[in-house]
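Hi everyone, thanks for coming. I'd like to walk you through two spots in the structure that's about to come up on the screen.

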Amino acid sequence: MTTQEVRLCGLLLREHFGDVVEKVGTHLLRNGAQNLRTIIHETGISLDLVKKSLCVLVQHGTCVFSSGRKGPGSPMEYRTGCDRILRILRYPRYIYTAKTLYGDTGELIIEELLQRGEMTMSTTVKTVADRLTQNMEEGRSMDYSEVSSAFSKLVETHFLQRCPPQAGAGATPAAPATADTPGTPATPVSTTQLTPERFPDCYKVPHVTLIGRGKRQLSSEDGEDQRNAKRAKMDSETHGDEGIYWQVNFERFHLHFRDQAIIAAVANKLDQTSSEIVRTMLRMSEVTTSPTATCTKPLSANEIFRSLPASYNIPRPILDQYLTLLVDDPMEFVGKAGESGGGMYVVNLHRALANLARATLESVVQERFGSRSARIFRLLLRKRHLEQKQVEDFAMIPAKEAKDMLYTLLSQNLVQLQEVPKTPDYAPSRTFYLYTVNQLPTARMLLQNCYKTVANLIERRLFETKESKRLLEKSQRIEAILASLQASGAEPEQLTEVEEMITAPEKQQLDALRLHINKLDSAENQVDETIFLIESYVNSTATSS
């Protein structure tokens with residue numbers, strides 16, 4: 001855990017949960033596992049606020065608790081990790097993926113679960129149905145059964161999973177309003193441990209008795225008492241899934257992102273047909289391949305041919321030619337594991353991630369230092385160890401320029417210098433000086449730079465929003481008034497009069513601010529894609545070694 005990671009985690013916690021949760025979260029990151037009394041003493045925050053903060057962190061899966069290190073009977077200890085908090089950065093991508101795969105219903109299900117951390121199926125279905133109904137035309141509504149069907153599909157494809165059974169409340173903090181008991185639905189088990197082998201009911205959808213359609217919210221203020229009465233009635237209803245909470249399976253989303261990155265890389269390197277063959281292989285091995293495996297389970301050419309969608313219209317001889325092409329490609333995305341069944345083929349997941357990380361590193365060098373420096377960097381990646389004279393000759397770059405570029409890359413830790421002495425005294429005249437690139441340490445360094453970049457982008461966005469806070473609040477008030485007037489059927493003259501409350505210069509300032517914030521948001525998402533690729537490569541290297 002580095003300073004940049006802790007800084008980024010603190011910014012994410014502050015933006016989503018507030019200053020108090022950020023203080024408690026960063027304290028746990030810096031100091032490791034601690035009990036409630038120690039956290040209160042060292043942070044100087046009141047008992048009530050610390051309890052609520054810990055409950056928020058536990059509810060969203062960013063903090064876990066377990067028995068103290070002194071054994072049974074000792075106070076519960078709370079710990080958190082950067083990897084859990086940094087998932088917040090990827091929330092927009094999770095939601096967009098759900099929308100792409102399962103439409104608006106899937107998008108809202110994932111959004112609700114990410115916002116609340118953990119929910120029962122019945123509560124999620126009702127909330128999503130109400131939200132979809134609110135955006136429909138007057139007289140139309142969303143049936144609960146349609147939302148339940150989308151929820152079940154997300155569970156079947158493992159994008160959602162059950163929270164594990166309660167392991168004992170112990171000294172857990174008082175739960176927020178969304179939980180029923182002090183330890184529910186909080187859990188001391190991390191999402192990576194939630195596998196069907198460890199928890200058989202992880203992907204079992206309960207029988208929920210939900211009949212009805214989504215309801216529109218009452219727009220008038222007079223309806224507040226009615227809404228409270230309805231909410232109390234809903235809470236008292238039973239649907240058969242009480243105590244069964246669901247959460248987003250982040251690991252499954254990450255596997256989907258990894259597969260999509262591999263498919264896109266094959267499409268860019270070869271063609272669309274090759275990428276569709278690789279997509280079919282990855283889809284066939286989704287269930288049988290472990291998330292930490294370096295390659296998929298072997299698949300025969302006959303199985304691949306039968307599993308290809310009919311719309312692709314690829315004859316068997318053409319498939320064999322494409323598989324041979326993929327195996328012979330230097331990127332080695334696909335490998336051959338045997339000859340039975342027309343040939344056994346695997347997707348080399350670790351090799352694919354290594355090549356994607358390598359391409360990312362080359363791209364960074366090219367953007368920062370130019371195409372000639374990138375040529376030298378690629379040359380060192382390929383040849384491993386070269387003297388300065390060899391670099392000049394192979395890269396076909398003049399000696400003076402090559403020397404400057406090598407020293408620049410060396411100063412940025414993108415290239416390393418290795419001394420190989422001929423004699424034990426390390427005399428410069430009798431020592432070879434070899435330049436090399438160590439891909440893994442360089443990738444780790446780039447990862448830290450990415451964390452720093454995202455933190456800077458978030459700080460800039462927060463600063464821009466704070467500077468224009470008054471103008472944004474004024475704009476929001478006017479938009480609310482306009483929406484209210486439109487709902488009540490106001491005259492066009494009234495609407496125009498309200499719109500003119502914002503002057504032309506203020507409109508220009510608002511447009512410029514929104515454009516700037518959109519650019520910062522887009523940059524955050526783009527950097528997060530790089531972070532995901534590099535993290536996947538580093539984790540894959542750790543599991544394969």
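**A helix and a loop**

Okay, let's begin just after helix α17, where N413 takes a positive phi of about 65 degrees. Keep in mind as we go that this is a predicted model.

Now back up into the helix. α17 runs over residues 399-411, which makes 13 residues. At 1.5 Å a residue it should span 18 Å, and its end C-alpha atoms are 18 Å apart, so the two agree.

Which residues of α17 are buried? They're A402, M405, L406 and L409. If you look down the axis of α17, those buried residues fall within an arc of 100 degrees, so they line one face of the helix. Here's the general idea behind that: an α-helix has 3.6 residues a turn, so residues three or four places apart point the same way.

And what do the buried residues of α17 pack against? Three helices, α14 (349-369), α15 (371-383) and α16 (388-395), plus the strand β11 (431-436). Flip to the other side of α17, and you'll find K400 and S411 exposed.

Okay, second spot. T296 sits in the loop between α11 (272-284) and β7 (299-300). Is T296 buried or exposed? Its relative accessible area is 5%, and buried means under 20%, so T296 counts as buried.

Who are its neighbours? Leaving out residues up to four places away in sequence, T296 touches L282, S285, T289, V346, V347 and L349. With V347 there's a polar detail too: the side chain of T296 reaches the backbone nitrogen of V347 at 2.9 Å.

Technical notes: Residues are numbered from 1 along each chain as its sequence is written. This is a predicted model: local features need pLDDT of at least 70, side-chain atom pairs count only at pLDDT 80 or more; totals for chains, interfaces and linings use all residues. Side-chain values use heavy atoms; hydrogens and water are left out. Helices (H or I, at least four residues) and strands (E, at least two) are DSSP runs, numbered from the N terminus. The expected span of a helix is 1.5 Å times one less than its number of residues. Buried means under 20% relative accessible area, exposed over 50%, partly exposed in between (1.4 Å probe, protein chains only). The arc is that of the directions from the helix axis to the C-beta atoms. Contact means heavy atoms within 4.5 Å. A polar contact is a pair of N or O atoms within 3.5 Å; within protein, one must be able to donate a hydrogen and the other to accept it, and residues adjacent in sequence count only if both atoms are side-chain atoms.
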